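Me: Please take a close look at one strand in this model. I would like to know how it is packed and what surrounds it.

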Amino acid sequence: MCDQHQNIDPEALSLSRRRFAVLGLATTLAACTTPGTMAMGGLTQRNVTLRTPDGTMDAFFVYPEGQVSQAIIVWPDVAGLRPAFETMARRTASTGRAVLVVNPYYRDGAAPQFADFASFREQDGFQTVGPWREKLTPAALRSDTNAIIDWLDTQDAVDGSVGMGAEGYCMGGPFTVRSAVARPDRVRAAASFHGGGLVSENADSPHRQLDETRARYLFAIAQDDDAEAPQAKTRLRQAAQAAGRPAEVEVYAGDHGWTVLDSPAYDQAAAERAYGRKIALYDAVRGA
């Protein structure tokens, strides 16, 4: 949905900021103390840059120290790469993954463009990012994906012999399909959380391109998005079946943004269920 006309109570934004301060710390601590999932040294994290045909992309990279791991690409939501996604990436990395959260807006500036989702709303973020989003064409995302994977292949922490994953949130949801289309040889799992624009009448609509991929899919749909476009889930299921691609398509008991820690719609119970399904998806393609 990523709807700039969506009304959000200012108090809900303030609550989301306070809640993230608590949940973010708890998630980070859990990632650093979960037994049996990491090497003795814990997690290593760093801010990185990589070259693309359009410039220099910045990103956040976190991985288990002293371990060679499955790679995961993370496409953030409309508010971009920021601390909430770094925290979420640490948790995924703690399960034995090398996680790269990219800045989709790198053509217009380094991240973070916004400190949190509350800042995005307070600073009229939709107006700001509108021209940036127009540059994120299917061709640009194909080019970016190739540059990202080429960079990951140079990293000692990445196991290039196993299928990698891509996950995306809000506007990043369809980017996971674009990634799988760009590199069917490498991207074997794609997880979209409250993704917008997955189903349209355009010839290059993501749902029409599943047959160009070799990935398994998780399409986790927000209940309010489903209410607006109830046919989307059916068309996704039909497209996956026609393409012969395994796909889990489910409407969750959460509104748009329910999986993102600093979102005013964050719903812990529904987010935990979605997180579990994501990890199961990545486990299923480790040998692919």
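The request below concerns strand β5.

Me: Is strand β5 enclosed or open to solvent, which strands does it pair with, and what lies around it?

Reply: A word on the basis comes before the strand. This is a predicted model, in which local features need pLDDT of at least 70 and side-chain atom pairs count only at pLDDT 80 or more, while totals for chains, interfaces and linings use all residues. Residues are numbered from 1 along each chain as its sequence is written, and side-chain values use heavy atoms, with hydrogens and water left out.

The setting comes next. The chain has nine helices and eight strands. Helices (H or I, at least four residues) and strands (E, at least two) are DSSP runs, numbered from the N terminus. Of the 288 residues, 55% count as buried. Buried means under 20% relative accessible area, exposed means over 50%, and partly exposed lies in between (1.4 Å probe, protein chains only). The chain exposes about 11600 Å², and carbon and sulfur atoms supply 49% of that area. Accessible areas come from the Shrake-Rupley method with a 1.4 Å probe; for residues, only the protein chains shown count as cover. Among contacts between residues at least 6 apart in sequence, 77% join residues at least 24 apart. Contact means heavy atoms within 4.5 Å.

Now the strand. Six of the six residues of β5 are buried, so the strand is largely enclosed by the rest of the structure. In a regular strand the side chains alternate between the two faces of the sheet. Both faces of β5 are covered. Met164, Ala166 and Gly168 are buried on one side. Gly165, Glu167 and Tyr169 are buried on the other.

Next, the partners. β5 pairs with strand β3 (residues 70-75) in the parallel sense, over four bridges. Here isoleucine 73 stands opposite alanine 166 of β5. β5 also runs parallel to β6, and six bridges join them. There methionine 164 stands opposite valine 187 of β6. Two strands pair if DSSP finds at least two bridges between them. β5, α6 and β6 make a right-handed β-α-β unit. Right-handed means that, with the strands pointing away from the viewer, the path from the first strand over the helix to the second runs clockwise.

Then the core. The largest nonpolar core has 51 residues. Such a core is a set of buried Ala, Val, Leu, Ile, Met, Phe, Trp, Tyr and Cys residues joined through side-chain atoms within 4.5 Å. Phe61, Ile73, Leu100, Ile148 and Leu152 have the most contacts inside this core. Helix α5 gives the most to it, with six residues. Leucine 152 touches Met164 of β5. Leucine 152 also touches Phe61, Ala71, Ile73, Leu100 and Val158, residues up to four places away in sequence not being counted. A second, separate core of 31 residues includes Ala93, Tyr266, Ala270 and Ala274.

Now the charged pairs. Side chains of opposite charge can pair when their charged atoms come close. A salt bridge is a side-chain nitrogen of Lys or Arg within 4 Å of a carboxyl oxygen of Asp or Glu. By this rule the count comes to 18. One of them links arginine 186 and aspartate 153, with the closest N and O atoms 2.8 Å apart. Arginine 186 lies in the loop between α6 (173-182) and β6 (187-193), and aspartate 153 in the loop between α5 and β5 (164-169), so the pair ties together parts that are 33 residues apart in sequence. Arginine 186 is buried, at 11% relative accessible area. Aspartate 153 is partly exposed, at 40%.

Last, a residue beyond β6. Alanine 215 sits in the loop between β6 and β7 (216-222). Alanine 215 is buried, with a relative accessible area of 0%. The C-alpha atoms of alanine 215 and alanine 189 are separated by 4.9 Å, although the two residues are 26 apart along the chain. Alanine 215 touches Ala180, Val187, Arg188, Ala189, Arg245 and Pro246, again not counting residues up to four places away in sequence. Val187, one of these contacts, is the residue opposite methionine 164 of β5.
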